[in-house]
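Hi,

Here is the structure I promised to pass on. Have a look at it first, and then read on for what turned up.

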Amino acid sequence: MTKRASDVSASPPRRRRSSYTIAPLVLIAANVVLFALFFVWPAVIGLVYSFTNYTGVGAFQFVGLDNYHNLFGDSTFYDALGRTLLYTVLFVPLNFALSLLIANVLVSKHAKGTSVARVIFFIPWLLSPIVVGVLWRWLFGENFGLVNYVVEKLGGHAIPWQSNADLSLLVVVMAASWAWTGFSMLLFIAAIKNVPVSYYEAAALDGAGPWRQFISITLPSIAPTSFIVILLNTINAMKEYPLFASLNNGGPGTSNNLLVQYIYQTGFQRGQIGYASAASFVLMLILMAVAIIQLIVNRRVENR
Amino acid sequence: MTTTDTARPVDAGSGRAVSKKRPRGAAGGGLRRAVPATTLLWILACLYGLPVLWFILSSLKPAGDLFSYPLTLVPHHPTLSGYLTAWRSANFSQYFINTTIVCVITTILTVGASCCTGYALAKYDNKWLKVFFICILATTMLPSEVMLAPEFLVVRNLGLYNSFSGIILPAVLTATGCFMFRQFFLTVPDELVEAARIDGARELSIFLRIMVPLSRPIMLTLAILSFQWRWNDYIWPLLMLNDPDKFTVQIGIQSIVGAQNINWSVLLGASVISMIPLIVIFLVFQRYVMGADINAGLKD
């Protein structure tokens, strides 16, 4: 890593760079067009439609802030929002802890068979959210699942994984943490390997045990990566839909409908494009707020 | 000579890739520490592997045995009938072909566009390039799920509704891809570009003839990632496609789940079939994914 960094900094001052304008323009042209078409344009018309009663076809009227007003009076929206936040609050720490633990064990020089184990941890990440949902639905089926079978064998009662809303959410949290471990784990492994060995040597000389070394050296050293993992996982959790669709279809009933499902249903099943756009903008503001808060916290921690 | 020869096997023996980073503990503590660490590793690995193993083994059971108690881990009469029924039923083979077409085209376009953009962002210094870089950053914060309805209208107005291009084009621009290439080209010394310029090479031919061949490993990594993203896409194809002949695999699986009475035998078969391409690609190109510093793409 350090070698690369010095390569870059040792390069001659960027002299005639600014005179080259046509070549970079040609190179980024494709992505600029795509960015304008599929990002700027939807963002602009989304904002405009959120102030209208557009249904996807025909004419529409501007209705001012009515959509937003209705949205904040809609208990279904609050339920979806609350459920999304609850899901995020459960999923992000669980995934963080699991992938950090696994990354540490994999990096440890004492553990045997790490290269095979790493593949096992990584495979769930390859599966699509739909298949992950099917897989956990099969595992946690109330009448036929392996988990309840084992519970009953051990003398317990069948646990209502599907018909209890909170347990159902818990299964999704476990499934998502399981599936996303591979990715977070890779980021953590790269970060842990970049921590200078001399830190650990010095700490060991001072008599610090493995736990102390982890708390005082590993954790602070990988803080930037932790930040990325938390940010990406938060964004992923806030927009989760396919996993719920196949695992419990937002059920039982509508108790586990998350925001994206709410947007999808209002926009495409009930045709209230304007209203759905307003909900989208609320979600967007939440995501931006999350990103900004995490950036500020990250700056604070790094400046300390 | 002799010292290096004897040192190597010891090094290789102590858990390759990672071990060299940290000092070896006292010789006596090696085994004492290896046992708990290895045990913990494999307990975790079993926890992570078991769901997939159970799923695959279940899919090999005949439909009648799926729910018969007592449940057995290993099927008594292993059969491929679930796969065959799934493959033949409900256009599944058609979905498979559709998904492959979409994935391959999107992946090629994504790699091409990301390579060009990454190179421009890394090797040219312009104010508007920096602005565009920030714009790309913004797309990670605001994924397309957030703008489902307006994005749907845009694609519909472009006349791409119910066509593969409607799924392919919006997916080509990915921030991760651009970052990965930018990060890679930053590590390529500027002298290489300067030397080519002095020799009179034109800007675009420097890119095509020197830089593109250099970036092959990154291309492969991004290709695998992109293929995985597109193969697993669900919500956007679901919105875009109306014609059952054009459905993708994920929609097909979800439609089995959504049925009133789930046909588990077919569902398990279809799900396992849909997993195969990605797992094969991953196992073949493992080192390009595992070794890739994906971090570099996202951190900046």
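H14(B) and H15(B) run roughly antiparallel to each other, because their axes cross at roughly 160° and anything over 145 degrees counts as roughly antiparallel. Bear in mind that this is a predicted model. Helix H14 covers residues 249–257 of chain B and helix H15 covers residues 264–284, and their axes come within 10 Å. The crossing of H14(B) past H15(B) is left-handed.

Which residues make the contact? From H14(B) you have B:Val249, B:Gly252, B:Ile253, B:Ile256 and B:Val257, and they meet B:Val266, B:Leu267, B:Ala270, B:Ser271 and B:Ser274 in H15(B). Sorted by class, that contact has seven nonpolar residues, three polar ones and no charged ones.

Stepping back to chain B as a whole, its secondary structure is 17 helices and zero strands. The chain has 300 residues, and 41% of them count as buried. If you take the contacts in chain B between residues at least 6 apart in sequence, 74% join residues that are at least 24 apart.

Now for the core. The largest nonpolar core has 158 residues. Those with the most contacts inside it are A:Ala103, A:Val172, A:Ala175, A:Phe188, A:Ile189 and A:Ala279, along with B:Tyr119. Helix H8 of chain A (residues 165–193) supplies the largest share of this core, with 17 residues. If you want one spot to click on, try A:Ala103: leaving out residues up to four places away in sequence, A:Ala103 touches A:Met185, A:Phe188, A:Ile189 and A:Ile192.

Then there are the less covered parts of chain A. Is A:Ala36 buried or exposed? A:Ala36 sits in helix H2 (residues 22–49) of chain A, and this alanine is exposed because just 11 other C-beta atoms lie within 10 Å, where the cut-off for exposed is 12 or fewer. A:Ala36 and A:Ala223 are 187 residues apart along the chain, and their C-alpha atoms are separated by 34 Å.

Helix H9 of chain A (residues 197–205) is hardly covered either: of its nine residues, the number that count as buried is zero. After H9(A) comes A:Gly207, which has a positive phi, near 90°.

Cheers

Notes
Residues numbered from 1 in each chain as written. Chains lettered and ligands numbered in written order. Predicted model: local features only at pLDDT ≥ 70, side-chain atom pairs only at ≥ 80, totals over all residues. Core = buried A, V, L, I, M, F, W, Y, C linked by C-beta atoms within 7 Å. Buried ≥ 20, exposed ≤ 12 C-beta atoms within 10 Å, placed from the backbone. Helix = DSSP H or I, 4+ residues; strand = E, 2+ residues; numbered from the N terminus. Contact = placed C-beta atoms within 7 Å. Axes fitted to C-alpha atoms, helices over the stretch in contact; angles between N-to-C directions. Left-handed = near helix turned anticlockwise from the far one by under 90°. Nonpolar A, V, L, I, M, F, W, Y, C, P; charged D, E, K, R; others polar.
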